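Let's take a friendly walk through a structure, starting with a pair of helices and then turning to the places where chains touch. Have the picture open beside you as you read.

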Amino acid sequence: MSELELFLHPGNLRLIWTSFLMTASLSVLGCGIGFLAGFFLALMRNPRIVPFAPARWFAIVYTETFRRIPFLVKLMVVLFAFQFAGLNVSLFTIAVTTVALTAAAFASENVRAGLESIHANQWDAAEAMNMGGFTALWRVILPQAWPVMIPPSMTYSVGLVKSTSIASQIGLFELTYAARIMTNKGISAGLAFGTILILYFVLCYALNRFAAWLEVRLATTRHRRA
Amino acid sequence: MGYTLQYGQVAPYLGYLAEGAMLSFGLAAIGFLCGWLIGLICAAISEYGRGPIRWVVRAYVVFFLNTPILVQIFFLYFALPDFGILLTSFQAVTIGLSLNAGAYLTEIQRAGFRSVRREEREAAITLGFTRLQAIRYVIVPHIIKVLYPPLSNQYILVTMTTSIAAIFGIEELTGRAYNINAITFRSLEIFSITALYYVALTFFASTILYGIGRYLFRIKAKVF
Amino acid sequence: MPQLVIEGLSARYGTTPVLTDVNLSVERGEIVAIIGPSGSGKSTLLRVLVGLLKPQSGSVTVAGQQVNYDSAAALKQVRDRFAVVFQQFNLFQNMTALRNVTIAPTIVKKRSNSEVQAEAKRLLQKVGLGDKFNSYPDELSGGQQQRVAIARALALRPEVLLLDEVTSALDPELVGEVLDTIRTLAEEGMTMILVSHEMAFVREVAGKVVFMADGKVVEVGPPQQIFDNPQAQRTRDFVRRILRH
């Protein structure tokens with residue numbers, strides 16, 4: 001079979017498609033869980049909402065540490081930590097956990113910056129009216145902070161999609177791993193890696209354009225009614 | 001690995017790991033410096049150039065910004081031989097790092113140039129400087145102040161990215177961690193210590209960069 | 001019995017003292033103006049009153065009851081009696097003027113929706129913004145925003161209204177409309193503590209003027225005393241400087 005026939009073989013195309021879905025679901029799940037966790041970390045850091053010093057310290061230590069560890073190293077630590085704990089989890093779980101841990105560290109910083117961008121008087125006015133911390137957060141602060149937090153989150157998500165390629169190192173069947181498989185089957189490295197590069201490009205570029213569109217939408221939209 | 005953590009078993013290798021950190025530093029330095037130069041040239045072309053060369057630069061930046069560095073290096077290492085270009089793993093990694101960093105640094109420095117063009121005109125008008133004086137006393141200090149924080153930030157990011165080199169057999173920090181793991185099998189201990197090394201490394205780098213920024217250039221921005 | 005008595009109040013931000021041994025009493029229906037240079041602790045005093053800052057020592061007694069700053073429940077009660085309007089960024093940017101006024105009574109005080117709405121509309125009309133119910137703060141001028149903020153404060157039915165330099169951030173031509181609103185409230189007998197730089201206005205409405213500097217109360221007296229016949233040297237210096245304008 002010629003190289004092109006090998007490549008265009010339905011089995012191969014299915015392989016590419018499945019691994020593309022794997023990358024996508026890994027990114028979506030990891031970012032989703034991670035951003036949510038990061039959101040709570042940011043709340044823990046805010047003394048108006050969680051006036052409990054150890055929570056604050058935990059959030060700070062977590063964020064500063066997990067921001068500064070490369071993805072590959074985090075992946076290894078997560079892999080062996082699960083092993084150590086005696087938990088027999090799937091490679092997907094390990095990868096999602098790593099992405100989530102990374103996303104949480106970023107989101108913690110992002111949400112914190114977003115909340116800080118709201119003038120302190122908004123908090124004070126709410127507090128002086130006896131609106132509790134959570135009420136103020138939910139009804140006053142967050143509606144104003146969302147538009148500030150979303151653009152950086154979208155940009156960062158694109159970066160995380162790219163990071164998922166490292167998950168190929170533990171044998172997870174995502175896009176980058178698919179490229180290796182293709183070369184093993186006899187497809188040239190140029191075609192294999194070239195295709196994968198294009199697929200990543202399409203995914204990331206689309207996300208970036210969506211983020212740009214969203215940023216414009218957020219800048220011009222009317223604030224929601226509380 | 002067993003059920004007990006035995007950090008004692010990996011203690012003898014801490015120095016070996018530290019040496020790897022130095023190689024990581026070297027890789028980052030090469031990648032960042034080359035990337036910075038590439039970025040400078042491409043940013044200049046983007047802002048001040050004319051014609052098709054600007055499209056080439058745009059394509060380069062957009063491509064490298066939207067694809068993972070690991071796959072970029074895989075391509076350099078595995079696919080280029082088909083076109084007659086044989087790279088060692090070290091070459092592939094450094095070229096990949098440089099090209100990747102170059103794309104980010106193009107965007108950063110482009111923004112820097114943009115912020116300056118307006119200043120340029122205003123300074124010349126209001127202060128009655130000659131062109132050269134304006135450049136020396138207003139524009140260059142402004143560019144330095146604007147670019148220093150994002151450039152420092154990018155340097156830290158490049159340092160973290162160098163861990164990819166381990167996949168290509170290069171014995172920088174992560175690579176050495178793999179080696180030690182292969183010998184001792186104390187995987188969790190080794191990689192957790194490696195993680196701490198990176199944290200220390202980046203803290204150290206950002207402190208020094210902050211210090212340089214603060215005392216040499218009087219820039220008060222936080223680095224990373 | 002005075003409505004508010006402050007005795008020996010001292011407060012700090014971190015290690016920096018911002019209020020030192022402040023004494024003040026306010027009668028029902030009285031208008032007390034606090035004047036002084038920047039950093040004299042005027043705004044800080046208001047913040048302590050509304051429970052945003054805990055004092056180190058001294059006491060605050062409202063309607064005969066001493067405030068316990070360590071009890072969340074006590075603080076809530078105190079806040080119920082006061083309403084504060086800040087210099088800027090008062091209004092919740094993500095809500096209309098009407099919603100800004102109705103939100104606290106509805107959510108915090110749990111009054112009925114229809115009753116709160118009706119009162120809110122009445123208050124907004126009272127401050128001259130009957131046509132701006134559904135406008136968002138960024139559609140309103142600074143003066144209009146401050147008037148909504150005052151309406152919002154009034155909707156809380158406070159015993160004492162605290163106004164913290166409410167016209168200082170406004171363009172000069174918008175100051176008048178806010179001062180008119182405050183004047184009306186004064187005529188209606190609202191107890192108010194206002195921090196202000198508008199000396200002519202202070203002289204006109206205030207029953208008592210407090211001059212503060214460096215976190216201390218330097219002199220207290222009727223406007224005629226403070227402005228025309230200041231007893232303390234510090235007061236004299238300040239008055240001379242500001243009245244030169």
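## Two helices, then two contacts

In chain B, helix α1 (residues 14-48) packs against helix α5 (residues 131-161) at an angle of about 130°, and their axes are 9 Å apart. Keep in mind that this is a predicted model. Angles from 115 to 145 degrees fall outside the parallel, antiparallel and perpendicular ranges, so α1(B) and α5(B) are oblique to each other. The crossing of α1(B) past α5(B) is right-handed.

Which residues of α1(B) meet α5(B)? They are S24(B), A28(B), G31(B) and F32(B), and their partners in α5(B) are Y155(B), V158(B) and T159(B). Sorted by class, this helix contact has four nonpolar, three polar and no charged residues.

Now let's look at chain A and its neighbours. Where chain A meets chain B, 32 residues of chain A are in contact with 28 residues of chain B. On the chain A side, α4 (71-84), α8 (175-184) and α9 (189-220) each supply at least two residues. The top contributor is α9(A), with eleven residues.

Chain A also touches chain C, through 19 residues from chain A and 21 residues from chain C. Here the elements of chain A that give two or more residues are α6 (120-128) and α7 (133-163). α6(A) gives the most, with six residues.

The table sorts the chain A side of each contact by class.

| Side of chain A that touches | Nonpolar | Polar | Charged |
|---|---|---|---|
| chain B | 19 residues | ten residues | three residues |
| chain C | seven residues | seven residues | five residues |

Definitions and conventions. Residues are numbered from 1 along each chain as its sequence is written. Chains are lettered from A and ligands numbered from 1 in the order in which they are written. This is a predicted model: local features need pLDDT of at least 70, side-chain atom pairs count only at pLDDT 80 or more; totals for chains, interfaces and linings use all residues. Two residues are in contact if their C-beta atoms, placed from the backbone, lie within 7 Å. Helices (H or I, at least four residues) and strands (E, at least two) are DSSP runs, numbered from the N terminus. Ala, Val, Leu, Ile, Met, Phe, Trp, Tyr, Cys and Pro count as nonpolar, Asp, Glu, Lys and Arg as charged, and the others, Gly among them, as polar. Axes are lines fitted to C-alpha atoms, for helices over the stretch in contact, and angles run from 0 to 180 degrees between N-to-C directions. Angles under 35 degrees count as roughly parallel, over 145 as roughly antiparallel, 65 to 115 as roughly perpendicular and the rest as oblique. A crossing is left-handed if the near helix is turned anticlockwise from the far one by less than a right angle, and right-handed if clockwise.
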